[in-house]
Amino acid sequence: MDSAGPIVLGTRLESSQEPRAWRTITYSKGSWIMQMLRARMGDQKFLALLAEVVRRYDRKDITTEEFRALAAEYLPAKSDDPKLESFFEQWVYGTGIPAIKLAWKLKGAAPNVKLTGTVTQSGVGEDFTASVPVEIAIARGRTMTHWVRTADVPVTFTVALQRPR
């Protein structure tokens with residue numbers, strides 16, 4: 001159903017062949033898009049973005065490009081996609097929702113522990129790539145996020161884990 005069209009088509013996604021496409025793509029994929037933006041920005045900046053959307057666009061239309069440009073203002077410094085162009089091209093203007101699988105193991109002993117993992121995607125074309133967050137629970141409720149760029153082949157990554165301070 002996700003190949004019925006990109007999310008920007010809105011209600012035009014609904015057809016006699018795929019009567020549930022609009023709802024599935026808009027709500028399911030749309031929710032994940034917002035969650036991925038939140039993960040990229042962090043909670044504080046994401047909530048500030050939402051407040052700014054309300055402030056600027058209360059009772060007004062906002063285009064997809066206006067939202068993209070505004071969201072880009074809330075990204076952390078040195079983001080790998082500072083204008084969110086690749087992100088929007090893949091998730092908003094493109095089709096496909098990948099299934100992501102993570103396999104991982106720990107090596108070493110404290111304080112020299114390394115997490116090695118492999119991210120594998122399926123259910124999308126060979127040219128599909130996305131930056132996905134791997135959230136790592138460290139200790140005492142602390143987490144860290146490591147971003148991995150997917151590809152048509154499994155992608156391996158390593159993260160040095162440090163003892164909490």
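Partly exposed means between 20% and 50% relative accessible area, with buried under 20% and exposed over 50%. Keep these cut-offs in mind, because they explain the label of Arg56: with a relative accessible area of 33%, Arg56 is partly exposed. The views below all come from a predicted model.

**Figure 1. The whole chain, helices and then strands.** Welcome to the full view before we zoom in. The chain holds four helices and five strands. Following the sequence, you meet them in the pattern α-α-α-α-β-β-β-β-β. The C-alpha trace spans about 55 × 40 × 25 Å along its principal axes. Of the 165 residues in the chain, 33% are buried. About 10800 Å² of the chain is exposed, and carbon and sulfur atoms supply 51% of that area. Contacts also tell us how the chain folds back on itself: among those between residues at least 6 apart in sequence, 47% join residues at least 24 apart. The chain carries 23 positive and 18 negative charges, and the mean positions of the two groups are 12 Å apart.

**Figure 2. Glu52 and Arg56, a salt bridge within helix H2.** Here two side chains of opposite charge meet. Glu52 and Arg56 form a salt bridge, with 2.7 Å from N to O. Why can these two side chains be partners along one helix? An α-helix has 3.6 residues a turn, so residues three or four places apart point the same way. Glu52 and Arg56 are four residues apart in helix H2, which means that about one helical turn separates them. How covered is each partner? Glu52 has a relative accessible area of 13%, so Glu52 is buried. Arg56, at 33%, is partly exposed.

**Figure 3. Arg56 and Glu73, a link between distant parts of the chain.** Let us stay with Arg56 and look at another partner. The side chains of Glu73 and Arg56 meet in a salt bridge at 3.7 Å, N to O. This pair links distant parts of the chain: Arg56 belongs to helix H2, Glu73 sits in the loop between H3 and H4, and the two are 17 residues apart. Glu73 counts as exposed because its relative accessibility is 53%. Stepping back, Glu52, Arg55, Arg56 and Glu73 are linked in a network of salt bridges. In the chain as a whole, the count comes to eight salt bridges.

**Figure 4. Arg38 and Asp43, a salt bridge with two partly exposed partners.** The side chains of Arg38 and Asp43 meet in a salt bridge, at 2.6 Å from N to O. Arg38 has a relative accessible area of 33%, so Arg38 is partly exposed. Asp43 is also partly exposed, because its relative accessibility is 43%.

**Figure 5. Asp81, a buried charge without a salt bridge.** Where is Asp81 found? Asp81 lies in the loop between helix H3 (64-72) and helix H4 (85-91). Asp81 is buried yet has no salt bridge; Arg40, the nearest side chain of opposite charge, is 4.6 Å away. A salt bridge needs a nitrogen and a carboxyl oxygen within 4 Å. Which backbone nitrogen does the side chain of Asp81 reach at 2.8 Å? That nitrogen belongs to Phe87. The side chain of Asp81 also reaches the backbone nitrogen of Ser86, at 3.2 Å. Leaving aside neighbours within four places in sequence, Asp81 is in contact with Arg40, Leu75, Ser86 and Phe87.

**Figure 6. Helix H3 and its cover.** Which residues of H3 are buried? They are Phe67, Arg68, Leu70, Ala71 and Ala72. The cover over the buried residues of H3 includes helix H1 (21-41), helix H2 (43-57) and H4.

**Figure 7. Lys29, a buried lysine in helix H1.** Lys29 is part of helix H1. Is Lys29 buried or exposed? Its relative accessibility is 3%, so Lys29 counts as buried. A polar atom of the Lys29 side chain lies 3.1 Å from the backbone oxygen of Gly94. A polar atom of this side chain also lies 3.3 Å from the backbone oxygen of Trp91. Leaving aside neighbours within four places in sequence, the contacts of Lys29 include Ile7, Thr24, Thr95, Gly96 and Ile97. For a sense of scale, the C-alpha atoms of Lys29 and Gln162 are separated by 34 Å, and these residues are 133 apart along the chain.

Note on methods:
Residues are numbered from 1 along each chain as its sequence is written. This is a predicted model: local features need pLDDT of at least 70, side-chain atom pairs count only at pLDDT 80 or more; totals for chains, interfaces and linings use all residues. Side-chain values use heavy atoms; hydrogens and water are left out. Buried means under 20% relative accessible area, exposed over 50%, partly exposed in between (1.4 Å probe, protein chains only). Contact means heavy atoms within 4.5 Å. Accessible areas come from the Shrake-Rupley method with a 1.4 Å probe; for residues, only the protein chains shown count as cover. Lys and Arg count as positive and Asp and Glu as negative; His and the chain ends are not counted. The place of a charge is taken as NZ of Lys, CZ of Arg, CG of Asp or CD of Glu. A polar contact is a pair of N or O atoms within 3.5 Å; within protein, one must be able to donate a hydrogen and the other to accept it, and residues adjacent in sequence count only if both atoms are side-chain atoms.
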